[in-house]
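Trainee: I'm new to this one. Could you walk me through it?
Mentor: Sure, have a look at it before we start.

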Amino acid sequence: MTTTRLIAWLDERVPIGAVIETLRHKRVPQHRYSMWYYFGGITLFLFVVQVVTGGLLLLYYRPSAGEAYESVQFIMTRVQFGWLVRSIHAWSANLMVAAAFGHLFSVLFFHAYRRPREITWVSGVLLLLLVLAFGFTGYLLPWNELSLLATSVGTDMAATVPGIGHFIVRFMRGGNTVTGATLTRLFGVHVAILPALATALLALHLFLIQQHGMSVPPSIEEEGRRSERPVASVPFFPDFALHDLFAWTVALAVLAGLAAFYPWELGLKADPFAPAPAGIRPEWYFLWVFQTLKYAPSSVLGLNGELFVVGTLGIGVALLIVLPFLVPDRPRARRILSWLAGVALGYMVLLTALALRASGGRVS
Amino acid sequence: MAAASDAAPGSGEPGRRTFLNWLLGLWAAGVAASILYPILQYLVPPDIPEAATQSADAGKASTLAPNSGRVIAFGSAPAIVIRTAAGEYRAFSAVCTHLSCTVQYRPDLQHIWCACHNGHYDLNGRNIAGPPPRPLEQYDVNLRDGEIIVSKRA
């Protein structure tokens, strides 16, 4: 009796009954490609893991060139379970990038960006870019040998932009070269600015998904029309929510296994006056860009080689953001897009494989 | 906003309303600008003037064996000092002209190499293979009391 009254009291002040009622009636399409629906949810789960572990790391981490490396070392050797928290943060970051890419390509191949989900797509691509920015800024924070030069190269690429390139580089580094000022700056971006932007965009993304529901791939829609049977569906709650929960449990198990059996290494402390070590490379999700830079000659079609690569990449990202507005809702256009997406995916996989294979020479 | 449609047309009200809206917009833009401008200026890192480095000590000549190299601090940037297989001393900026990694000497190739994107330079600092677009800046090397002194070319 008291519970009922308590619920009634609460519902009068926090009216979430309507939300629960909506969720109860919400249905999710069920077909042979349904498993791809879980990638977005897994990405969200890993984001939450990042927020929690990131907050824990903040308690001991010190963002300065003199102390950053030592503080991470302290977390890993002295703080109880510190190694585990850092390892989970690093692994979860990588899995989140993988899940986000899986989500992007599944949305692309199943054409879920179509009307009325254009803004959902745009917010999703922006979120993916934020995830990559999280990865790039977070990579420098342990202040080790690899991260120093990777950040130097990554920021230097912007210098190829005509006119304002050098300003952008200075802006990102907080000075002319990668120093403690860069560390402090990227730390602030990593723990304050990016999380704020990501939370706002994520709220929009999730709201739109709730509004529009899951997209049904055109091929499944077509089959439904031909057989005159509507596409099967399951209730969001509890069926789909439980499936989601199961996917999260699997993600957590994979994460825990990786973090426990392959703890993330710290490497050597950054030394601004040490040569780049052989086999130096960025995080795996930037490897295809890295390998492209290796292959690009110093001049392409009269353009500076780096400018050519950076320019092509910039145009590619811009096209990706506005993609739903460029692809007409016709089967032929969709087929062409699927092929283009396949070629892009193939290129990324191939170049990543080549980069992993080649260490770029040996050290004496 | 609903009140705007209530105004009778031609009563003189819309004109005043447009003017006031315009004024309000201008004020809002002014407020936004006075908040954004300081933030944007704050984000630009201040210029810290640095004394231009003219020369640096690269350690004892006796500790640098033939066919080897050493990266030293030349002001805030790295420089590389090389003793060729023939025993000659050379020095260059160690900042790769491609994407600013720090280069190293490869005894097996007997020339300068950048590990980041596989760039190669010969012993005169010329870019001979890979993505680097320009040669490395060459410095002068002098021996003073057995110390290697690296200095900018006049």
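Mentor: We'll go through the overall form of one chain, then its cysteines, then some charged pairs.

Trainee: Anything to know before I start clicking around?
Mentor: This is a predicted model, where local features need pLDDT of at least 70, side-chain atom pairs count only at pLDDT 80 or more, and totals for chains, interfaces and linings use all residues. Residues are numbered from 1 along each chain as its sequence is written, chains are lettered from A and ligands numbered from 1 in the order in which they are written, and side-chain values use heavy atoms, with hydrogens and water left out.

Trainee: Okay, chain B. How many helices and strands has chain B?
Mentor: There are 2 helices and 10 strands in chain B. Helices (H or I, at least four residues) and strands (E, at least two) are DSSP runs, numbered from the N terminus. Going from the N terminus, the order in chain B is α-α-β-β-β-β-β-β-β-β-β-β.

Trainee: Is chain B a compact globule or more spread out?
Mentor: More spread out: the radius of gyration of chain B is 31 Å, well over the 15 Å that the globule rule gives for 154 residues. That radius is taken over C-alpha atoms, and the rule is 2.2 Å times the number of residues to the power 0.38. Along the principal axes, the C-alpha atoms of chain B fill a box of roughly 95 × 35 × 25 Å.

Trainee: And what share of the residues in chain B is buried?
Mentor: Buried residues are 35% of the 154 in chain B. Buried means under 20% relative accessible area, exposed over 50%, and partly exposed in between (1.4 Å probe, protein chains only).

Trainee: Switching to cysteines. Which ones form a disulfide?
Mentor: C101(B) and C116(B) do, with their sulfur atoms 2.0 Å apart. The cut-off for a disulfide is a pair of cysteine sulfur atoms within 2.5 Å, and the count over all chains is 1. The link of C101(B) and C116(B) is left-handed, with -85° about the S-S bond.

Trainee: Where do C101(B) and C116(B) sit in the chain?
Mentor: The pair links distant parts of the chain, 15 residues apart. C101(B) is in the loop between β4 (89–93) and β5 (104–106), and C116(B) is in the loop between β6 (111–114) and β7 (119–121). Both C101(B) and C116(B) are buried.

Trainee: Then why is there no bond between C96(B) and C114(B)?
Mentor: Because their sulfur atoms are 3.9 Å apart, too far for a bond. C96(B) is buried at 4% relative accessible area, and C114(B) is buried at 2%.

Trainee: Now charges. How many salt bridges are there over all chains?
Mentor: A search of the whole structure gives 15. A salt bridge here is a side-chain nitrogen of Lys or Arg within 4 Å of a carboxyl oxygen of Asp or Glu.

Trainee: Got one in chain A?
Mentor: R62(A) pairs with E67(A), the closest N and O atoms being 3.0 Å apart. R62(A) is partly exposed at 46% relative accessibility, and E67(A) is partly exposed at 36%.

Trainee: What about R226(A) and E222(A), where are they?
Mentor: Both lie in helix α10 (residues 218–227) of chain A, 4 residues apart, about one turn of the helix. Their salt bridge is 3.8 Å from N to O. R226(A) is exposed at 63%, whereas E222(A) is partly exposed at 32%.

Trainee: And one from chain B?
Mentor: Try R153(B) and D140(B), which meet in a salt bridge at 3.0 Å, N to O. That pair links distant parts of the chain, with R153(B) in the segment after β10 (147–151) and D140(B) in strand β9 (residues 138–144).
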